[in-house]
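Hi,

Here is the structure I promised to pass on. Have a look at it first, and then read on for what turned up.

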Amino acid sequence: MPKAKVAIFISGGGTNMAALLYASRLPDCPFEVVLVASNKEGAGGLKLAEAEGISTFAHSHKGMERAEHDAVMERAAQDAGADYIVLAGYMRILSQEFVSSWAGKIINIHPSLLPKYKGLDTHMRAIEAGDSHGGATVHLVTQELDSGAILEQVKVAIVPGDTPVSLAERVKLAEHQLYPRALSAYVGRGSDPAFLLDKVRELALKLPETHERESHGSPGFRVGTEKSGKFFAHFNDQHHGSEHVAVLVKTGSMDELLSLVETQPGTYFKPAYYGASGWVGVILNRPDVDWDHVSEWLERSWHSVAPNRLTKLIDAADQF
Ligand code: GRF
């Protein structure tokens with residue numbers, strides 16, 4: 001899989017940016033840093049990024065509307081070809097426009113164990129509350145501050161005599177381990193068979209009267225009763241030497257199967273054994289899988305083997 005391109009936004013020293021950058025240079029890291037951008041022209045991290053040969057960009061937000069400044073930063077990220085925006089000590093709240101057009105593609109690190117202590121002064125608040133641990137959280141960014149889905153967290157013990165400064169220092173050490181790892185897992189999820197199986201399972205089991213059953217050692221999905229149901233999808237994780245993680249679904253004919261494979265070899269393949277009886281493999285471990293398209297295939301395959309009593313209901317509903 002090609003590496004995910006990330007633009008890192010910073011406002012300060014950029015130690016998390018540095019941790020991400022060096023992680024990206026280790027073998028097999030699934031992301032590369034294409035830009036470090038800041039709202040502060042003098043941000044320390046910019047100099048380091050430059051010295052490391054990374055493109056940098058700075059534009060002060062002073063005297064600008066929020067959305068206007070976001071658009072300038074967004075343009076820089078787009079020009080650099082970024083797939084993801086990674087916030088690392090970026091001290092700006094992002095406008096709704098920006099957050100919604102990058103939904104699922106903006107990630108942040110916050111120095112507390114969210115949902116505890118959103119906002120500022122997290123270490124002081126944890127110490128004053130007498131907590132045994134502080135920590136850090138990597139999460140998706142949504143419109144509501146520090147409230148998007150949590151990707152990963154790490155706990156850091158609070159020791160007697162800790163001050164907000166001493167705790168912050170130790171939490172940063174933990175952040176530097178956590179952020180590259182959480183980001184790698186998130187951007188690399190498209191080649192993780194467990195993630196792909198979960199997606200297929202969710203879509204397949206949404207269809208009427210379906211259940212999961214293993215077949216030849218792989219997960220499969222059937223429609224109908226436990227006793228007389230029929231398979232409409234099989235999940236394949238690099239089966240029989242294939243490099244693909246795929247879902248197998250039923251085509252209408254061998255001609256259709258062969259033409260799909262010939263015209264769209266990046267999307268479809270003819271699987272071992274199943275191919276002979278008209279099943280096509282829809283490849284899932286590729287960038288930007290269209291899950292609506294996968295869902296349409298599952299539905300069509302379901303339809304082709306479902307008992308009449310079920311398809312009749314669906315076909316009747318479709319007429320309205
Ligand atoms: C980190 O503590 C991070 O959790 C928070 O801002 C700080 C940035 O530090 N969002 P640095 O600039 O990466 O050193």
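Before the hairpins come up, one term: two strands count as paired if DSSP finds at least two bridges between them. Also keep in mind that this is a predicted model.

First, the overall picture. The protein has 320 residues, and 47% of them count as buried. Its secondary structure comes to ten helices and 13 strands. Taken along the principal axes, the C-alpha atoms fill a box of roughly 70 × 45 × 45 Å.

Now the sheet. Six strands make up an open sheet with antiparallel pairing, and the order is E8-E9-E10-E11-E13-E12. E8 and E12 (268-269) are the edge strands, each pairing on one side only.

Start at the E8 end. Strand E8 (residues 210-215) pairs with E9 in the antiparallel sense, over six bridges. If you want a spot to find on screen, Thr210 has Val223 in E9 as its bridge partner. E8 and E9 form a hairpin with two residues between them, and His216 in that turn has a positive phi of about 50°.

On to the next pair. E9 is joined to strand E10 (residues 230-237) by four bridges, and the two run antiparallel. Here the bridge partner of Gly220 is His234 in E10. This is a hairpin as well, with six residues between E9 and E10; Gly224 in the turn has a positive phi of about 105°. From E10 you can carry on to strand E11 (residues 245-250), again antiparallel and over four bridges. His234 turns up once more, with Leu248 in E11 as its bridge partner.

Is strand E9 (residues 218-223) enclosed or open? Six of its six residues are buried, so E9 is largely enclosed by the rest of the structure. Ser218, Gly220 and Arg222 point one way from E9, while Pro219, Phe221 and Val223 point the other way, and all are buried.

Next, a helix worth rotating into view. H9 (residues 291-305) has 15 residues and spans 21 Å from its first C-alpha to its last, close to the 21 Å expected at 1.5 Å a residue. Its buried residues are Trp291, Val294, Trp297, Leu298, Ser301, Trp302 and Val305. Looking down the axis of H9, these buried residues fall within an arc of 135°, so they line one face of the helix. The general background is that an α-helix has 3.6 residues a turn, so residues three or four places apart point the same way. Asp292 and Glu296, on the other side of H9, are exposed. At the start of H9, a side-chain oxygen of Asp290 comes to within 3.0 Å of the backbone nitrogen of Asp292.

Finally, the ligand. Which residues are around the ligand? They are Gly13, Gly14, Thr15, Asn16, Gly89, Ile109, His110, Pro111, Lys172 and Glu175. Ile109 has a backbone N or O atom 2.9 Å from a nitrogen atom of the ligand. Lys172 places a polar side-chain atom 2.7 Å from an oxygen atom of the ligand, and Glu175 has a polar side-chain atom 2.9 Å from a ligand oxygen atom. On its own the ligand has 370 Å² of accessible area, and the protein covers 84% of that.

Over to you, and happy browsing!

Conventions
Residues numbered from 1 in each chain as written. Predicted model: local features only at pLDDT ≥ 70, side-chain atom pairs only at ≥ 80, totals over all residues. Heavy atoms only, no water. Expected span 1.5 Å × (residues − 1). Buried < 20%, exposed > 50% of the residue type's maximum accessible area, 1.4 Å probe, protein only. Arc of directions from axis to C-beta. Polar contact = N/O pair within 3.5 Å; in protein donor to acceptor, adjacent residues only side chain to side chain. Near = heavy atom within 4 Å. Areas by Shrake-Rupley, 256 points an atom, 1.4 Å probe, with all protein chains shown as cover.
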